[in-house]
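Opened the notebook for a quick look at strand pairing and ring contacts. Jotting things down as I go.

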Amino acid sequence: MIKALLARFQQKHRTMSFPDGPPPALPERFRGRPILDTAKCPDGCRKCADACPTAAITIADKAQIDLGRCLFCTDCQDACPHQVVTYLQDYRLATRSREALVVAQDEELVLAEALDTKLRRLFGRSLKLRQVSAGGCNACEADVNVLGTVGWDIGRFGIQMVASPRHADGLLITGCVTENMKLALEKTYAAVAAPKLVIAVGACAISGGPFLDLPAQHNGAASVVPVDLYIPGCPPHPLTILDGLLRLLGRLEE
């Protein structure tokens with residue numbers, strides 16, 4: 001025991017200061033919000049849209065990208081010799097509505113608004129979530145788990161993952177909701193007492209991701225339960241997830 005205490009003393013304080021301090025440095029290869037600049041497009045070119053495996057890019061009267069479908073794979077960027085698609089280092093992607101994730105080339109992403117005063121009073125200081133893997137590949141689950149480590153320490157915000165929906169204030173759902181998980185998700189949602197929140201994490205939970213429209217799944221959580229917060233990514237960076245949760249709870253204003 002004394003060795004463990006001495007080791008902890010030598011390690012000192014390792015939890016990041018975000019959101020009171022700056023966010024942690026992101027690696028150069030990090031791919032944040034994608035943006036389109038169709039002014040560079042030759043007439044009739046659709047290479048980026050055709051290369052997207054989930055049809056996240058549409059080019060009609062106005063080009064737009066669906067962040068709920070985007071896998072951040074850069075296939076669009078690789079297919080375009082004119083660099084029409086670029087990825088920012090902006091990790092802030094969470095929204096309160098599915099429609100807000102569809103962003104035209106000249107529009108700003110409307111980030112998630114906070115819960116109303118009554119719900120913030122209920123959940124703002126203590127939010128217990130039951131995580132449901134509804135057919136995911138475990139990548140989103142891994143990044144959610146990272147938030148519980150000493151470096152991120154999501155517990156300092158009063159947010160905790162719990163083992164039973166009976167102890168939860170809401171669900172955090174990953175995966176595209178396979179047919180085999182649909183009933184389990186419905187029962188888990190019903191077991192959470194109202195008022196309750198639902199948070200969809202990752203492209204699969206938002207739109208079905210790479211499994212979009214396949215018959216063995218249901219194109220995400222919103223087809224089964226009402227969703228209060230959408231956090232895009234494949235998988236979302238832990239900072240993107242934390243940013244979305246804190247915005248929902250009114251802990252971030254910008």
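Below are my entries on this predicted model.

**Entry 1, strands.** I started with S6, residues 127-133. I find S6 parallel to S7 (residues 159-161), with three bridges joining the two. I also looked up S8, residues 170-174: S8 runs parallel to S6 too, and five bridges join that pair. Leu129 caught my eye, since I see its bridge partner in S7 is Met161, while in S8 its bridge partner is Gly170. I then checked the connection and noted that S6, helix H5 (residues 139-146) and S7 make a β-α-β unit, a right-handed one.

**Entry 2, aromatic pairs.** How many aromatic pairs are there? I get two. For Phe18 and Tyr91 I have ring centres 6.3 Å apart and planes at 80°; that angle is over 60, so I log the pair as edge-to-face. Phe18 sits in the loop between H1 and S1, and Tyr91 in the loop between S4 and S5, so the pair ties together parts 73 residues apart in sequence. I have both Phe18 and Tyr91 down as buried.

My other entry here is Phe72 with Tyr87, a tilted pair at 6.3 Å centre to centre, with 50° between the planes. Phe72 is in the loop between S3 and H3 and Tyr87 is in S4, so this pair ties together parts 15 residues apart in sequence. Buried or exposed, Phe72? I read 6% relative accessibility, so Phe72 counts as buried. Tyr87 comes out at 16%, so I call Tyr87 buried as well.

**Entry 3, a charge over a ring.** Last lookup: I find Lys196 over the face of Tyr189, 4.0 Å from the ring centre.

Terms used. Residues numbered from 1 in each chain as written. Predicted model: local features only at pLDDT ≥ 70, side-chain atom pairs only at ≥ 80, totals over all residues. Heavy atoms only, no water. Pairing = 2+ DSSP bridges. Helix = DSSP H or I, 4+ residues; strand = E, 2+ residues; numbered from the N terminus. Right-handed = clockwise from strand over helix to strand, strands pointing away. Phe/Tyr/Trp six-rings, centres within 6.5 Å; stacked < 30°, edge-to-face > 60°. Buried < 20%, exposed > 50% of the residue type's maximum accessible area, 1.4 Å probe, protein only. Lys NZ or Arg CZ within 6 Å of the ring centre and 35° of its normal.
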